[in-house]
Amino acid sequence: MDNNNLLVSLDVGTSKVAVIVAELNGDGAVRICGFGSSRSEGVRCGMVVDISAAVRSIRAALDEAEQTSGRRIDSVCTACEDRRLRFLNHTGATPVRGAEIVQADVDAAVANAKEIDLKPGEKVLKILIQEFGIDGEGGILRPQGMMANRLEASVHVVCGQPAMATNLLRSVRVRAVYAPKYMP
């Protein structure tokens, strides 16, 4: 079976770890084909407090999901919940240096958009480009090749202290070290 059409969601909670396995059919429909769960250990209030215990819980849930789906799980999507995360919409601009917008202009506008005031210990964790504007006209998705004097980038910025997300990521990836067939 083709794992390219496999979608796997991993939820690491305080009381349980849950995995749902779905496949995308040729007509775009999603079919649930497996699931797994285990008692969550090493997680308190949504934060990993014991990586070894969290790895055991994740491993158990993923093993069950593989068994019920009959598929090998190579990658997962997971979410990180942290009340300390901040989400901001921000805009940055740059003058267009040549006759038309090139990738360097796009990069400069995005870099200016992510220049925000961070709290001590915070880092920018993720930037999602929402749209671009040229010479005051918004709603542009791909500005490269367009003529303009000024390029604006509107972005959604996620910032916070990266330790929690890093510990969750390490808990998922550590399973890959102990069981090489897994690669989150």
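Q: Where does Ala-113 lie in this predicted model?
A: Ala-113 is part of helix 2. That helix covers residues 103–113.

Q: Why is Ala-113 called buried?
A: Its relative accessible area is 0%. Buried means under 20%, so Ala-113 qualifies.

Q: Which residues is Ala-113 in contact with, leaving aside its neighbours within four places in sequence?
A: Its partners are His-90, Thr-91, Gly-92, Ala-153 and Val-155. A contact needs heavy atoms within 4.5 Å. Thr-94 stands 19 residues from Ala-113 along the chain, and their C-alpha atoms are separated by 9.6 Å.

Q: Which other residues of helix 2 are buried, and what covers them?
A: Besides Ala-113, the buried residues are Asp-105, Val-106, Ala-108, Ala-109 and Val-110. Their cover includes strand 7, strand 8 and strand 10. Helix 2 lies across these three strands, at about 135° to strand 7.

Q: What makes strands 7, 10, 8 and 9 an open sheet with edges?
A: The 4 strands are ordered 7-10-8-9, and their pairing is antiparallel. Strand 7 (86–95) and strand 9 (137–140) each have a single partner strand, so one side of each has no neighbour in the sheet. On average, neighbouring strands here are turned by 40° against each other, direction ignored.

Q: How do you know that strand 7 and strand 10 pair?
A: Pairing needs at least two bridges. Strand 7 and strand 10 (residues 150–160) have 10 bridges and run antiparallel, so they meet the cut-off. Opposite Gly-92 stands Ala-153 of strand 10.

Q: What makes strand 8 and strand 9 count as paired?
A: They share 2 bridges, in the antiparallel sense. The cut-off is at least two, so this pair counts too. Ile-134 faces Glu-137 of strand 9. The two strands form a hairpin with 2 residues between them. In the turn, Asp-135 has a positive phi of about 50°.

Q: Which strands stand at the edges of the sheet ordered 3-2-1-6?
A: This is an open sheet of 4 strands with mixed pairing. Its edges are strand 3 (30–39) and strand 6, each of which pairs on one side only.

Q: How do you know that strand 2 and strand 3 pair?
A: Strand 2 (residues 16–24) and strand 3 are joined by 9 bridges in the antiparallel sense. At least two are needed, so the pair qualifies. Val-17 stands opposite Ser-38 of strand 3.

Q: Which strands does helix 1 lie across?
A: Helix 1 lies across strand 1 (6–12), strand 2 and strand 3. It runs at about 145° to strand 3.

Q: Why is Ile-73 called buried?
A: Its relative accessible area is 1%. The limit is under 20%, so Ile-73 counts as buried. Ile-73 sits in the loop between helix 1 (51–69) and strand 6 (77–78). Its C-alpha atom is separated by 7.7 Å from that of Leu-62, 11 residues away along the chain.

Q: Are Cys-33 and Cys-77 buried or exposed?
A: Cys-33 has a relative accessible area of 14%. That is under 20%, so Cys-33 is buried. Cys-77 has 57% relative accessibility. Exposed means over 50%, so Cys-77 counts as exposed.

Q: How many disulfides does the structure contain?
A: A search of the whole structure finds 0. A disulfide calls for a pair of cysteine sulfur atoms within 2.5 Å.

Q: How many helices and strands are there along the protein chain?
A: There are 3 helices and 10 strands. The pattern along the sequence is β-β-β-β-β-α-β-β-α-β-β-β-α.

Q: What share of the protein chain is buried?
A: Of its 184 residues, 38% are buried. The accessible surface comes to about 10,900 Å², with 52% of it from carbon and sulfur atoms.

Q: Where is confidence lowest and where is it highest?
A: Helix 3 (residues 163–178) has the lowest, at a mean of 65. Helix 2 has the highest, at 95. The mean pLDDT of the protein chain is 86, and 89% of its residues reach 70 or more.

Q: Over which residues does pLDDT stay under 50?
A: That stretch is residues 175–184. The model has 26 contacts for them beyond four places in sequence. Where pLDDT is low, predicted coordinates should not be read in detail.

Terms used
Residues are numbered from 1 along each chain as its sequence is written. This is a predicted model: local features need pLDDT of at least 70, side-chain atom pairs count only at pLDDT 80 or more; totals for chains, interfaces and linings use all residues. Side-chain values use heavy atoms; hydrogens and water are left out. Axes are lines fitted to C-alpha atoms, for helices over the stretch in contact, and angles run from 0 to 180 degrees between N-to-C directions. Buried means under 20% relative accessible area, exposed over 50%, partly exposed in between (1.4 Å probe, protein chains only). pLDDT is the predictor's confidence in each residue, from 0 to 100. Accessible areas come from the Shrake-Rupley method with a 1.4 Å probe; for residues, only the protein chains shown count as cover.
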